[in-house]
Amino acid sequence: MPESRYPLGMNAHVVELPDETEAWATARAEAEGFATLSDYMAHLVQRQKDIETLRAMLAEGQEDGTHDWTAVEAELHQILSSAAP
């Protein structure tokens, strides 16, 4: 099993899942190479945050008439390159 890629000092939260959902998520985490279900969940939360950041950048560029596509492309590349463990 791969080593966790998240620091030990992270905050802990309890997430209750139905048995069927937990089994699915655990299998998905293993299939995608995550060390733990917690790592997979942290990855999903971070990915959603990255998506929202990118959407905000795109909306800002559309609203003010500036399109810094270099920054958007760099952010998108960062998101995509960190999509897997």
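In which helix does A29 lie? Residue A29 belongs to helix α1, where helices (H or I, at least four residues) and strands (E, at least two) are DSSP runs numbered from the N terminus. The model is predicted, and for that reason local features need pLDDT of at least 70 and side-chain atom pairs count only at pLDDT 80 or more, whereas totals for chains, interfaces and linings use all residues. Residues are numbered from 1 along each chain as its sequence is written, and side-chain values use heavy atoms, with hydrogens and water left out.

The chain contains three helices and zero strands, and from the N terminus on its elements run α-α-α. The mean pLDDT (the predictor's confidence in each residue, from 0 to 100) is 81 over the chain, and 82% of the residues score at least 70. Among the elements, α1 has the highest mean pLDDT, 96, and helix α3 (residues 69-81) the lowest, 75. Where pLDDT is low, the predicted coordinates should not be read in detail.

Of the 85 residues of the chain, 18% count as buried; buried means under 20% relative accessible area, exposed over 50%, and partly exposed in between (1.4 Å probe, protein chains only). The chain exposes about 6,700 Å², of which carbon and sulfur atoms supply 55%; accessible areas come from the Shrake-Rupley method with a 1.4 Å probe, and for residues only the protein chains shown count as cover. Among contacts (heavy atoms within 4.5 Å) with a separation of 6 or more, 57% are made by residues 24 or more positions apart.

Helix α1 covers residues 19-31, and its end C-alpha atoms are 18 Å apart; this agrees with the expected span, because 13 residues at 1.5 Å a residue should span 18 Å. The expected span of a helix is 1.5 Å times one less than its number of residues. After α1 comes G33, which has a positive phi, near 85°. Within α1, A29 is buried, because its relative accessible area is 2%. Residue A29 touches F34, T36, L37 and Y40, not counting residues up to four places away in sequence. The C-alpha atoms of A29 and Y40 are separated by 5.5 Å, although the two residues are 11 residues apart along the chain. Residue A23 also has its place in α1, but A23 counts as partly exposed because its relative accessibility is 47%. Between A23 and L37, 14 residues apart along the chain, the C-alpha separation is 9.9 Å.

One salt bridge is counted under the rule that a side-chain nitrogen of Lys or Arg lies within 4 Å of a carboxyl oxygen of Asp or Glu. The side chains of R28 and E32 form this salt bridge, with an N to O distance of 2.9 Å. Residue R28 counts as partly exposed because its relative accessibility is 39%, and E32 counts as partly exposed because its relative accessibility is 27%.

Helix α2 (residues 37-64) has 28 residues and reaches 41 Å from its first C-alpha to its last, close to the 40 Å expected at 1.5 Å a residue. Its buried residues are D39, Y40, A42, H43, D50, L54 and G61, and the buried residues of α2 pack against α1 and α3. Residue Y40 is thus one of the buried residues of α2 and one of the residues touched by A29. Following α2 is G65, whose phi is positive, near 80°.
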